[in-house]
Structure formats: structure tokens, C-alpha cells
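Please look through the model shown here before reading on. The report keeps to what can be computed from the atoms.

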2 protein chains.
Amino acid sequence: MSLSITQSLEPAVTADEFKAAFRNHPGGVAVITADAGNGPVGLTATSVISASAEPPILAFSVSEFSSSTPTILAADTVVVHLLGADQVDIAKLCATSGIDRFADTSLWSRLESGEPYFVQAQTWIRGRIINSMAAGGSTIVAVEALQASPALSSEAAPADPLVYHNRTWHVLGDASQI
Amino acid sequence: MSLSITQSLEPAVTADEFKAAFRNHPGGVAVITADAGNGPVGLTATSVISASAEPPILAFSVSEFSSSTPTILAADTVVVHLLGADQVDIAKLCATSGIDRFADTSLWSRLESGEPYFVQAQTWIRGRIINSMAAGGSTIVAVEALQASPALSSEAAPADPLVYHNRTWHVLGDASQI
């Protein structure tokens, strides 16, 4: 009797099955930075999505297991960097635990409004957190874009984007096109 | 005076700039299906993200401009298909406006629980909508996974995934690896 009760409480989809499904679901790579007054934090995320162009709103998910999450949720504003393949070093830096991700002061600076950002990133969007909701062990955050990197309004073609898939970094370009 | 008021109300990031930024931010391709009692709907989305593995929760964004959105938001449960490159035809079908996406009855069936799903998709997750929030012209939906496609618990290697980037379909594989 207790066995059948235990079984009915188990999720029908295990964490391993769920992870296996999403390991094969690729995502563009972003780094999110913020400073809520206690110093800069940055984390690498493949969960950044465009939700609405007018008004311009993006969203991403932050896990309770990430050391950067409390600062991101406490900050009014964040910077979301959308990375090209030549910025894979920033993605790796902000995906590595137990290091000071801001130790190399040549990599980052602050915007006039104060937020830390990685200067190499060709595309970044500064925005204000306008909404959030719980999703299991994570919080999904909606961010209204306030400012975009100058390169966005230039005519220059952006670099090939960085993609994460099955624990490996990929680049999209002519070779990957169907 | 009225001019300066108008300017201060304008977003600092235009819709065109925002779209340009995300055109270069790739996403894995998914198709979401549902039936709230008025027949099946399906839409192609690059906004499906994993939010939490334990409990297993995913999220996605649906636009007020999509004809499928009212049905998805009214449905208790949805099916999220994570597509491989050999399922690009399903992605194109559910991204095409003004057609009956379920006209070809050889492409889809219903799960025992009633939801419509595309039988070719190697990976799908059936789930229950547990939370949602407004994000400009879209709604971001959180879905708890209830059931996964049988292939997920097999040992077979999944097909190379489909990615959408800069209005083009891509496939990830050895050639795209950094």
C-alpha cells in the first residue's frame, strides 16, 4: 500500500529524462550581469528568449542553485549579452564555479548607469526587471529593454552566434545551414 | 513641450533594434500543440527553455498575434515537441499562416490523454500549465512535464537538432562544433 502511494507521488517524467530531452535542445548563449550593490555577478545562460518586440521584452530563467541568482533578482536592472562564437571565453568564464569571474579587469567595465558589462560582447541589452514567476527550482524573469549596444544600430554584419548543445559549444554559419 | 514629452515616452530600444538583436540569437526549434475542445492547434516556437529539472518544468512565450495562442492558454495540457533537423517540415507547417495545419491526418495523432501530437517528432513532452505571466504582447507560460516520448528512455542517440537563426534553418552536428 505504501509502495503504490510512493509511486503515485513520483513524477511521471524523471529529472534524468527531462535533462536528456533538453540536452538535445540547443540554445543561443548569453551572459547576464548585474550588481545590486554588493559587487558584480555574471552567469552564462541558454534560456534567454525574446518575448515581445513592442514593447521590447526578453525573458530568462535563473536557478536557485546559481550563486549569481540572488543578486540578479535583487537588482533593478541587468545587462544581457548575446554572444558570438568569438566570445566563447566569456561564456566559459561565467559558467565556471568557484572563481572570481571579474578578476580580469580588462574584460569588463561599467555602463554610465552603473551596471557591469563585458566589453568584448558585440551585442548587449540593458533592461529593467518588470515581472517574474516561480518555476520549480528556478525563477523566470521578464526584462524590458532600456538600452542596446551601439553596434546594434550600425550596418556591420554581426559575428556568427554561439550555441550550446549536448554539453558542447557550436557556431552557426554557412556550414550549418539546411 | 509636447515634443519632449513624446520623446520621453518612446522606448530607448526600438522594435527594429530589438528584433535585430534576437535575429542573431539562435534557438532550438519546437512545436507546441494543444486542444482546448475546439480542435487541434500547433505553433512553431524558438522560445522553449528548460527552467527546472526537479520538478521538471519548461517554459515558453506565446504572442498575442498568433492564432494558436488563445487555445494554448485555455488548454490545461500541451505537448511540446523538440525537433530534429529531419523534422523541419513540421516546423515549417506550424509556422505557416492561413493553412489548416492538421489537414494531413497522416502527420498527427492523439495521445491516450487526448492531446494532438505530431508522430514524427522523436522527442515530445506532455505537460500541464502551472503558471503564466504577461510580457508585453506575449504571455510566458510555465509547464510541468507529465509524460515524455518513449524514445527518451531508450539508448538510441537522438537525431541532430534543428536550430533557427536569422530567418534560416540550421542543423547542429560535428561540422558546427567549436
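What follows is a short tour of the fold, the interface, the aromatic rings and some local features.

## Chain A in outline

This is a predicted model. Chain A has four helices and twelve strands. Its C-alpha trace spans about 65 × 45 × 40 Å along the principal axes. The chain has 178 residues, and 51% of them are buried. Long-range contacts weigh heavily in the count. Among contacts in chain A with a separation of 6 or more, 61% are between residues 24 or more positions apart.

## The interface of chain A and chain B

The size of an interface is often given as the accessible area lost when the parts come together. Here chain A and chain B bury about 5400 Å² between them. Carbon and sulfur atoms account for 73% of that area. In residues, 69 of chain A are in contact with 69 of chain B.

How many salt bridges does the rule find across the interface of chain A and chain B? It finds zero. Polar contacts are present, however: 20 residue pairs are in polar contact between chain A and chain B, with both residues at pLDDT 80 or more.

Several elements of chain A give two or more residues to the side that touches chain B. Among them are helix α2 and the strands β1 (27-28), β4 (49-53) and β5 (56-63). Further along the chain come β9 (123-135), β10 (138-148), β11 (162-165) and β12 (168-171). β10(A) gives the most, with eight residues. By class, this side of chain A has 42 nonpolar, 24 polar and three charged residues.

## A buried serine with a partner across the interface

A:S47 lies in the loop between β3 (41-45) and β4 of chain A. Is this residue buried or exposed, at 6% relative accessibility? A:S47 counts as buried, because 6% is under the 20% cut-off. The side chain of A:S47 reaches the backbone nitrogen of A:S61 at 3.0 Å. Leaving aside residues up to four places away in sequence, A:S47 touches A:A59, A:F60 and A:S61, and also B:I49 of the other chain.

## Aromatic rings

The structure holds ten aromatic pairs over all chains. One of them joins A:F18 and A:F22: the ring centres are 5.0 Å apart and the planes stand at 45 degrees, so the pair is tilted. The two residues are four apart in helix α2 (residues 15-23) of chain A, and therefore about one helical turn separates them. Both A:F18 and A:F22 are buried. Elsewhere in chain A, ring pairs link A:F102, A:W108 and A:F118 into a cluster.

## Backbone exceptions in both chains

Most residues other than glycine have a negative phi, and most peptide bonds are trans. Two sites in chain A depart from this pattern, and chain B has its counterparts. The table sets them out.

| Site | Backbone feature | Place |
|---|---|---|
| A:E54 to A:P55 | cis peptide bond, omega about 0 degrees | A:P55 in the loop between β4 and β5 of chain A |
| B:E54 to B:P55 | cis peptide bond, omega near 0 degrees | B:P55 in the loop between β4 (49-53) and β5 (56-63) of chain B |
| A:R167 | positive phi, about 65 degrees | loop between β11 and β12 of chain A |
| B:R167 | positive phi, near 65 degrees | loop between β11 (162-165) and β12 (168-171) of chain B |

Neither arginine is a glycine, yet A:R167 has a positive phi, and B:R167 has one too. A:R167 counts as exposed, at 61% relative accessibility. B:R167 is exposed as well, with a relative accessible area of 60%.

## A:D160

A:D160 is found in the loop between β10 and β11 of chain A. Its relative accessible area is 42%, so A:D160 is partly exposed. Not counting residues up to four places away in sequence, A:D160 touches A:G84 and A:A85. The same residue also touches A:V171, A:L172 and A:G173. A:D89 lies 71 residues from A:D160 in sequence. In space, the two are 15 Å apart, C-alpha to C-alpha.

Note on methods:
Residues are numbered from 1 along each chain as its sequence is written. Chains are lettered from A and ligands numbered from 1 in the order in which they are written. This is a predicted model: local features need pLDDT of at least 70, side-chain atom pairs count only at pLDDT 80 or more; totals for chains, interfaces and linings use all residues. Side-chain values use heavy atoms; hydrogens and water are left out. Rings of Phe, Tyr and Trp (its six-membered ring) pair if their centres lie within 6.5 Å; planes under 30 degrees apart count as stacked, over 60 as edge-to-face and the rest as tilted. Buried means under 20% relative accessible area, exposed over 50%, partly exposed in between (1.4 Å probe, protein chains only). Contact means heavy atoms within 4.5 Å. Buried area is the accessible area (1.4 Å probe) that two parts lose on being put together, summed over both. A salt bridge is a side-chain nitrogen of Lys or Arg within 4 Å of a carboxyl oxygen of Asp or Glu. A polar contact is a pair of N or O atoms within 3.5 Å; within protein, one must be able to donate a hydrogen and the other to accept it, and residues adjacent in sequence count only if both atoms are side-chain atoms. Ala, Val, Leu, Ile, Met, Phe, Trp, Tyr, Cys and Pro count as nonpolar, Asp, Glu, Lys and Arg as charged, and the others, Gly among them, as polar.
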